[in-house]
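Subject: Structure handover

Hi,

Here is the structure I promised to pass on to you. Please have a look at it first, and then read my notes below.

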Amino acid sequence: MTTARTAGAPAPAGRGKLPRIRPFRSWTLRSRVVLVVVAMLAVLGAVIGTISVFALQNYLMQRLDAQLTSALVRGQHAADRIYGDQPTGPDVIGIVQTPGQQTGTFGVIRSGDMLLYPVILSERPQNGTPDQPVAPQRVTIGTTALLTLPADGHPRTIKLGPSLGDYRVAAVELSNGDSVIIGLPLSDVNATVARLTLVIVLVTLAGLVFAFLLASVVVRLAMRPLERVAGTAEQVSKLPLDHGDVALSVRVPEEDTDEHTEVGKVGSALNRMLGHVASALTARQASEQKVRRFVADASHELRTPLASIRGYAELTRRAPHELPPDVTRSLGRIESEATRMTSLVEDLLLLARLDEGRELDRDPVDLTLLLVDALSDAHAAGPDHEWVLDLPEEPVEVVGDAPRLHQVLMNLLANARVHTPEGTKVTAGLRVDADAGRAIVTVADDGPGIPEDLQATLFERFARGDSSRNRATGSTGLGLAIVQAVVQAHGGEVTVRSVPGDTVFTVALPLAPSSD
């Protein structure tokens, strides 16, 4: 039945897909402004921090190089005093014991391709003086880079070994042809630079967090007028401006229309636009009222002459004297056309009254009985179709106007009969949607279906299907428009779903209040 068809409908598009990440341009203006401010501060902090670190590192390296140059001069003088023109010997430890050499000073004699007695000046006693000599410690060097170090006195950075770390070293030639190499540790410089880097990173992060919070608050306050303008626009967008008497009284607050500010210009322009729209809607409403009044008056006035035309045609056709066949046929055509025009006038008059908002009767109506009667009439009008009735076991009641609801059912069944070929199966169903508190009426057929481009305008007045839904008789194009108008007047809705071989019109009406 029709419920089986609706249960097999395809799943909504997008189900099972991963959510898409929004691009930057789809973010809110507030988020973008805060992000840009924080990003600029982050870049500025990174630039300032990098420059500060490199400046400090350069200053400390220059100072260390100056200390290394002094230590190299002292080591050279000590080595020349100890060895003179004689070959170097184990007295190399005196090079780093020279007064003025600082703790951690590295010293070694390079003789040919050999490094003799590498030593490092150990820590001085706590109560010692700067000139007090201390015993150097012998060390093992884990690199051969010192063998190729130019003896030009220029400082260079070399890693002496895993246990010694990086040193700033320089070499100078002695009077006996050998070279003395003096080095100072880079550990203090590296530690100072690392501490400064850590401080800058922590301060920058704290500053960014503070800037983010402050920018969020400031931007939120600055965006409030724009949010109020947007709220007004959104409120207007929810108004039913397409029909009825529209009172467009919503406006942007006066405080947000100062044209000296950008937001004020937007608010002022929106107010002017709303004023123009309100004027246009008022003019449209007045024009529609005139058209409705004209249609109602014309329809009402046409009923009497149409009834007279039908009566005189029928009276003449039934006159006792014999009429020529062509006159009899013409009178029959006049009578049938007058009947069809009377039906059109009645439909126009009903639509005009519904447009004016005239109240319908509000009585309990048994939809079950209405559907049985409507299907019986449809079967009598279209015996060549297959008619099926699908009803619940219990009666279904709504509150409304019984004649108008009967007309809705008749129009839907007539639409299925007229626009489908002989032998088409038409199923009229009724069920209750307890969760939504509505009665659901469906009229389904297995005919050729409705073209997709016509479904959007199917309930408009004078809308007609194309030749794919064969019309056995003429139609005014008002049947489905009356269906929608009557259903909406009862607080319900009507929809259509159609594919070749399966067309379903669905009417949802509020259920009658329970008597429990």
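Let me start with a pair of charged side chains: arginine 156 and aspartate 152 form a salt bridge, with 3.0 Å from N to O. Arginine 156 has a relative accessible area of 28%, so it counts as partly exposed. Aspartate 152 is partly exposed as well, at 37% relative accessibility. Please keep in mind that this is a predicted model.

The structure holds six salt bridges, and two others are worth opening in your viewer. Side chains of opposite charge can pair when their charged atoms come close.

One of them joins arginine 438 and glutamate 493, whose closest N and O atoms are 3.7 Å apart. This pair links distant parts of the chain, since arginine 438 sits in strand β11 (residues 438-445) and glutamate 493 in strand β12 (residues 493-499), 55 residues apart. Arginine 438 is partly exposed, with a relative accessible area of 24%, and glutamate 493 is partly exposed at 46%.

The other brings together the side chains of aspartate 502 and arginine 497, at 3.4 Å from N to O. Is aspartate 502 buried or exposed? With a relative accessible area of 11%, it falls under the 20% cut-off and is therefore buried. Its partner arginine 497 is partly exposed, at 30%.

Next, a spot on the surface. Val37, Leu41, Leu44 and Ile48 make up a nonpolar patch there, and together they offer about 310 Å² of accessible area. Leucine 44 belongs to helix α2, which covers residues 29-83. Its relative accessible area is 48%, so leucine 44 counts as partly exposed.

Threonine 427 gives another view of the fold. This residue is part of strand β10 (residues 425-433), and its relative accessibility of 5% means that threonine 427 counts as buried. Where the chain comes back to it, the C-alpha atoms of threonine 427 and leucine 389 are 5.8 Å from each other, although the two residues are 38 positions apart along the chain.

Finally, some totals for the protein. Its secondary structure consists of ten helices and 13 strands. Of its 516 residues, 35% are buried. Among contacts with a separation of 6 or more, 62% are between residues 24 or more positions apart. The accessible surface amounts to about 30,100 Å², and carbon and sulfur atoms account for 58% of that.

Happy to talk it through whenever suits you.

Best wishes

Note on methods:
Residues numbered from 1 in each chain as written. Predicted model: local features only at pLDDT ≥ 70, side-chain atom pairs only at ≥ 80, totals over all residues. Heavy atoms only, no water. Helix = DSSP H or I, 4+ residues; strand = E, 2+ residues; numbered from the N terminus. Buried < 20%, exposed > 50% of the residue type's maximum accessible area, 1.4 Å probe, protein only. Contact = heavy atoms within 4.5 Å. Areas by Shrake-Rupley, 256 points an atom, 1.4 Å probe, with all protein chains shown as cover. Patch = residues over 30% accessible without salt bridge, like charges linked within 9 Å, V, L, I, M, F, W, Y side chains within 5 Å. Salt bridge = Lys/Arg side-chain N within 4 Å of Asp/Glu carboxyl O.
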